[in-house]
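Please look over the sequence and the 3D structure shown here before reading on. The report that follows goes through some strands, loops and helix contacts one by one.

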Amino acid sequence: MVSKCRLRVSVVILSIVISCIHTASAADQEVDLELVLAIDVSGSVDESEYALQAEGLATAFEHPEIKAAIKRAGVLGISVAIVQWSSPDEQWLAMDWMHLQDDRSLGLLAQGLREMPRRYVAGDTVLSKAMKFSGRLFERGDFSSKRQVIDVSGDGGVENLGLTRAARDDLVKANIIINGLAIETDVDNLEEFYRNNVIGGLDSFVMTVANYQDFETAIRRKLIREIAPLRLSSRPEKTLILAKD
């Protein structure tokens, strides 16, 4: 009887040990940054403008300055996910979390971006839902980081109901940083709306361009700042303006 009890206790202990080992092996991989890139694919973005966004991102991740920024960020690399967004019920994880640390991984991401299909074509431009969807992505996947950033770009989304600001505030409370790229092809002073309603968190900032042709340059500069910021502050920085007439 005693032997059976000891056997049962041993089995229980072994089960606990195996469970602990499994939990440890299943732990998220620590990275220097988790970054969600949320790109506008609403009806205001035509096919050529979508192509400029996808190619601009692909080219940016192939640029030596991005690889250098990843090295400056730390030794763990970064993880990136790509979101396409449009109407209230139109958000899509176009590319799931990828670990970026070397030429091969950067090349695979660039290839995926060039091959990435467009999910939506005629929807509205609803920033608040896109931001909430992007924020939830940090709860899934195989990575974790003390720095979690959403990089949202778009050419609209202005509203006066406070929905975008409320989404921003909730994300900031969760220690998520939101940066913006305002593409002012359709809405004048879109940067002001982004500044007051979209961006938030430590060192958050907004950049603005006048057209999609300048997206590649802007997104590369933006990524460099997000991956390896040169300074830390408690307030958002001034807007960076590119290609403004």
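Strand S2 (residues 33-40) and strand S6 run parallel and are joined by six bridges, where two strands are said to pair if DSSP finds at least two bridges between them. The names of such elements come from DSSP runs, with helices (H or I) of at least four residues and strands (E) of at least two, numbered from the N terminus. This is a predicted model, in which local features need pLDDT of at least 70 and side-chain atom pairs count only at pLDDT 80 or more, while totals for chains, interfaces and linings use all residues. Residues are numbered from 1 along each chain as its sequence is written, and side-chain values use heavy atoms, with hydrogens and water left out.

**Strands**

Within the pairing of S2 with S6, Val 36 stands opposite Ile 150 in S6. S6 also pairs with S7 in the parallel sense, over seven bridges, and here Ser 153 stands opposite Leu 181 in S7.

How many of the residues of strand S6 are buried? In strand S6 (residues 148-154), seven of the seven residues are buried, a word that stands for under 20% relative accessible area, whereas exposed stands for over 50% and partly exposed for values in between (1.4 Å probe, protein chains only). In a regular strand the side chains alternate between the two faces of the sheet. In S6 both faces are covered, with Gln 148, Ile 150, Val 152 and Gly 154 buried on one side and Val 149, Asp 151 and Ser 153 buried on the other.

Strand S4 (residues 91-100) is largely enclosed by the rest of the structure, because eight of its 10 residues are buried. Strand S3 (residues 78-85) runs antiparallel to S4 and is joined to S4 by seven bridges, one of the pairs being Trp 85 with its bridge partner Gln 91 in S4. The hairpin that joins S3 to S4 passes through five residues.

**Two asparagines in loops**

Most residues other than glycine have a negative phi, and most peptide bonds are trans. Asn 175 and Asn 189 have positive phi values although neither is a glycine, and the table sets out where each one lies.

| Residue | Phi | Loop | Relative accessibility |
|---|---|---|---|
| Asn 175 | about 65 degrees | between helix H6 (163-173) and strand S7 (176-183) | 62%, exposed |
| Asn 189 | near 60 degrees | between S7 and helix H7 (190-198) | 55%, exposed |

**Helix contacts**

Helix H2 (residues 47-62) and helix H8 (residues 215-227) pack at an angle of about 45 degrees, with their axes 8 Å apart. That angle makes H2 oblique to H8, since angles under 35 degrees count as roughly parallel, over 145 as roughly antiparallel, 65 to 115 as roughly perpendicular and the rest as oblique. Axes are lines fitted to C-alpha atoms, for helices over the stretch in contact, and angles run from 0 to 180 degrees between N-to-C directions.

Among the residues of H2 that meet H8 are Leu 52, Leu 57 and Phe 61, and the H8 residues that they and others meet include Phe 215, Ile 219 and Leu 223, with contact meaning heavy atoms within 4.5 Å.

The axes of H6 and H7 come within 8 Å and cross at roughly 45 degrees, which makes H6 oblique to H7. In this contact Thr 164, Arg 165 and Arg 168 in H6 meet Phe 193, Arg 195, Asn 196, Asn 197 and Val 198 in H7.
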